[in-house]
Amino acid sequence: MTLPQDDIDRIMAVMEQAFPPEYGEAWNRRQVSDALLLGNCRYGLIAADGSMQLEETSESAGFFMSRSVLDEEELLLFAISPKYRRKGLGHRLLAQFIATAKAAGMQRVFLEMRKDNPAAFLYASHGFREVGLRPGYYRTPGGGRIDAISQELTLDN
Ligand SMILES: CC(C)(COP(=O)(O)OP(=O)(O)OC[C@H]1O[C@@H](n2cnc3c(N)ncnc32)[C@H](O)[C@@H]1OP(=O)(O)O)[C@@H](O)C(=O)NCCC(=O)NCCS
């Protein structure tokens with residue numbers, strides 16, 4: 001299978017800026033390529049103007065990556081570059097992710113996130129609800145621990 005290297009470049013450009021380095025949440029290029037080669041992972045890109053169809057030469061403002069198993073899809077990575085934040089692109093990209101999961105016949109989507117991440121507001125506004133907690137799952141830069149929260153959205157098909 002041929003991987004779209006241009007799109008991997010675009011994903012990596014966002015990845016390198018979007019995730020706070022101290023939590024180790026960003027993936028490296030190899031991890032992204034390997035996941036996409038598996039066949040059950042997919043991704044979506046969003047342009048700065050909110051379009052999901054990027055011009056050949058344009059950069060991506062954000063991306064998602066997800067993995068499906070049977071009728072469940074896990075949102076593995078979701079990010080908007082810092083310079084494009086708070087303009088509604090996160091809302092738009094999440095809506096697109098949910099719509100494509102639904103179109104693919106998924107019954108449930110889920111994700112795991114740091115407890116203090118403001119992205120929780122975004123997920124809640126799209127109907128996700130908290131279904132689990134892993135105490136102390138993430139390490140903080142100061143040697144502390146932060147809980148991980150599992151969120152789930154049931155899709156009506
Ligand atoms: C989370 C993230 C994708 C949001 O992207 P965005 O384009 O800024 O999102 P939007 O402009 O569409 O805003 C979505 C909602 O998220 C919430 N939100 C986003 N950033 C926030 C912040 N810094 N503080 C409080 N709420 C915030 C708000 O509820 C906002 O809705 P509102 O503007 O209508 O109030 C972006 O901040 C990001 O890439 N963060 C780093 C990566 C990450 O943590 N991803 C999630 C992993 S689980």
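# Exercises on a predicted model

Gly50 is buried, since its relative accessible area is 2%. The structure used in these exercises is a predicted model, and each task below is followed by a solution in steps.

**Exercise 1. Decide whether Gly50 and Ser66 are buried or exposed, and state where each of them lies.**

Step 1. Buried means a relative accessible area under 20%, whereas exposed means over 50%. Gly50 has a value of 2%, and therefore it counts as buried.

Step 2. Looking at the chain, we find Gly50 in the loop that runs between β1 (41–46) and β2 (62–69).

Step 3. Ser66 has a relative accessibility of 0%, so this residue is buried too. Ser66, however, belongs to strand β2, and its side chain makes a polar contact of 2.5 Å with the side chain of Glu73.

Step 4. To place Gly50 relative to another part of the chain, take Ala101: the two are 51 residues apart in sequence, and their C-alpha atoms are 19 Å apart in space.

**Exercise 2. Find out which phi values Leu70 and Arg86 have, and whether these residues are buried or exposed.**

Step 1. Begin with Leu70, which is not a glycine and yet has a positive phi of about 55°. Leu70 is part of the loop between β2 and β3.

Step 2. The relative accessible area of Leu70 is 80%, and because this is over the 50% cut-off, Leu70 is exposed.

Step 3. Turn next to Arg86, which is not a glycine either and has a positive phi of about 60°. Its place is the loop between β3 and α3.

Step 4. With a relative accessibility of 85%, Arg86 therefore counts as exposed.

**Exercise 3. Describe where Glu16 lies and how far it is from Ala26 in sequence and in space.**

Step 1. Glu16 is a residue of helix α1, which covers residues 5–18, and at a relative accessible area of 62% Glu16 is exposed.

Step 2. Along the sequence, Glu16 and Ala26 are ten residues apart, while in space the separation, taken from C-alpha to C-alpha, is 7.3 Å.

**Exercise 4. Describe the surroundings of the ligand: how many residues surround it, and which elements each supply at least two of them?**

Step 1. The ligand sits in the largest pocket, where 19 residues surround it, the closest being Phe78, Ile80, Arg86, His91 and Asn117.

Step 2. Sorting this shell by element, we find that β3 (72–80), α3 (89–103) and α4 (119–125) each supply at least two residues. The largest share, four residues, comes from α4.

Step 3. Sorting the shell by residue type instead, we obtain twelve nonpolar, four polar and three charged residues.

**Exercise 5. Identify which N or O atoms of Arg85, Lys87 and His91 lie at 3.4 Å, 3.2 Å and 2.8 Å from an oxygen atom of the ligand.**

Step 1. For Arg85, the atom is an N or O atom of the side chain, at 3.4 Å from a ligand oxygen.

Step 2. For Lys87, a backbone N or O atom is involved, and the distance to an oxygen atom of the ligand is 3.2 Å.

Step 3. For His91, again look at the backbone, where an N or O atom lies 2.8 Å from an oxygen atom of the ligand.

Step 4. Finally, consider the cover over the ligand: on its own, the ligand has 910 Å² of accessible area, and the protein covers 75% of this.

Note on methods. Residues numbered from 1 in each chain as written. Predicted model: local features only at pLDDT ≥ 70, side-chain atom pairs only at ≥ 80, totals over all residues. Heavy atoms only, no water. Near = heavy atom within 4 Å. Polar contact = N/O pair within 3.5 Å; in protein donor to acceptor, adjacent residues only side chain to side chain. Areas by Shrake-Rupley, 256 points an atom, 1.4 Å probe, with all protein chains shown as cover. 1 Å grid on protein atoms, 1.4 Å probe; cavity = no way out; pocket = protein on both sides within 12 Å on 5 of 7 lines; lining within 4 Å. Sits in = over half its atoms within 2 Å of the grid points. Nonpolar A, V, L, I, M, F, W, Y, C, P; charged D, E, K, R; others polar. Buried < 20%, exposed > 50% of the residue type's maximum accessible area, 1.4 Å probe, protein only.
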